[in-house]
Amino acid sequence: MAPVNLISTQAQAFWTESIDKEETTRLSWHSKRKSGDSQSKQMEVFRKKIEMNAIKPNLDLVKGLPKVDDKRFARKSLKYVNDKIDKEAADRFASMHLRLIG
């Protein structure tokens with residue numbers, strides 16, 4: 001006769017508790033992710049350490065810096081950039097074509 005595997009009440013209670021614990025852990029993880037609080041504690045600690053050790057500017061030195069002309073750093077229009085790239089590409093093609101023919 002084959003042996004019959006009976007689960008004791010203690011083992012059954014253990015597995016029930018283990019499954020319930022797993023379920024609540026997973027549900028809490030998903031609800032935490034859904035709420036937007038997904039940054040781990042470790043990343044929060046790293047961020048704080050970096051902020052604490054970051055070099056802070058000396059305000060007296062910053063005040064003494066000359067004002068920057070914003071016009072020099074203004075972004076050029078996309079059309080201007082594309083036109084310039086197209087002109088440069090056409091010039092390169094023409095010079096390469098002349099070298100091959102000439």
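This report walks through a predicted model, going from its overall fold to its salt bridges, its aromatic rings and a patch on its surface.

## The overall picture

Start with the fold, since everything else hangs on it. The protein chain has four helices and zero strands. Read from the N terminus on, the elements go α-α-α-α.

Now for the surface. The chain holds 102 residues, and buried ones account for 0% of them. Its accessible surface adds up to about 10800 Å². Carbon and sulfur atoms own 61% of that area.

## A salt bridge in helix H1

How many salt bridges does the model have? The count is three, and we can take them helix by helix.

Helix H1 covers residues 9-34, and both Glu-22 and Arg-26 sit in it. These two residues pair up in a salt bridge, with 2.6 Å between the closest N and O atoms. Along the chain they are four residues apart, which is about one turn of the helix.

Are the two partners on show to the same degree? What we can say is that Glu-22 has 40% relative accessibility, so it counts as partly exposed. Arg-26 comes in at 54%, and because the cut-off for exposed is over 50%, Arg-26 gets the label exposed.

## A small network in helix H2

Helix H2 runs over residues 41-53 and holds Glu-44 and Arg-47, three residues apart, or about one turn of the helix. Their side chains meet in a salt bridge at 2.4 Å, N to O. Arg-47 also has a salt bridge to Glu-51, this time at 2.6 Å, N to O. Arg-47 and Glu-51 are four residues apart in helix H2, so about one helical turn separates them. Through shared partners, the salt bridges tie Glu-44, Arg-47 and Glu-51 into one network.

What about exposure along this network? Glu-44 has 24% relative accessibility and counts as partly exposed. Arg-47 is partly exposed as well, with a relative accessible area of 35%. Glu-51 is at 46%, which again means partly exposed.

## One aromatic pair

Aromatic contacts are quick to cover, as the count comes to one pair. The rings belong to Phe-14 and Trp-15, and their arrangement is edge-to-face. Their centres are 5.3 Å apart and the planes make an angle of 75°. Why does that earn the edge-to-face label? Because planes over 60 degrees apart fall into that class.

Trp-15 has a relative accessible area of 52%, so this residue counts as exposed.

## A nonpolar patch

If you are looking for nonpolar surface, go to Phe-93, Met-96, Leu-100 and Ile-101. Together these residues make a nonpolar surface patch of about 470 Å².

Leu-100 is a handy one to find in the viewer. Which helix is it in? Leu-100 belongs to helix H4, which spans residues 78-101. With a relative accessible area of 70%, Leu-100 is exposed.

Terms used:
Residues are numbered from 1 along each chain as its sequence is written. This is a predicted model: local features need pLDDT of at least 70, side-chain atom pairs count only at pLDDT 80 or more; totals for chains, interfaces and linings use all residues. Side-chain values use heavy atoms; hydrogens and water are left out. Patches are made of residues with over 30% relative accessible area and no salt bridge: like charges are joined within 9 Å, nonpolar side chains (Val, Leu, Ile, Met, Phe, Trp, Tyr) within 5 Å. Accessible areas come from the Shrake-Rupley method with a 1.4 Å probe; for residues, only the protein chains shown count as cover. A salt bridge is a side-chain nitrogen of Lys or Arg within 4 Å of a carboxyl oxygen of Asp or Glu. Helices (H or I, at least four residues) and strands (E, at least two) are DSSP runs, numbered from the N terminus. Buried means under 20% relative accessible area, exposed over 50%, partly exposed in between (1.4 Å probe, protein chains only). Rings of Phe, Tyr and Trp (its six-membered ring) pair if their centres lie within 6.5 Å; planes under 30 degrees apart count as stacked, over 60 as edge-to-face and the rest as tilted.
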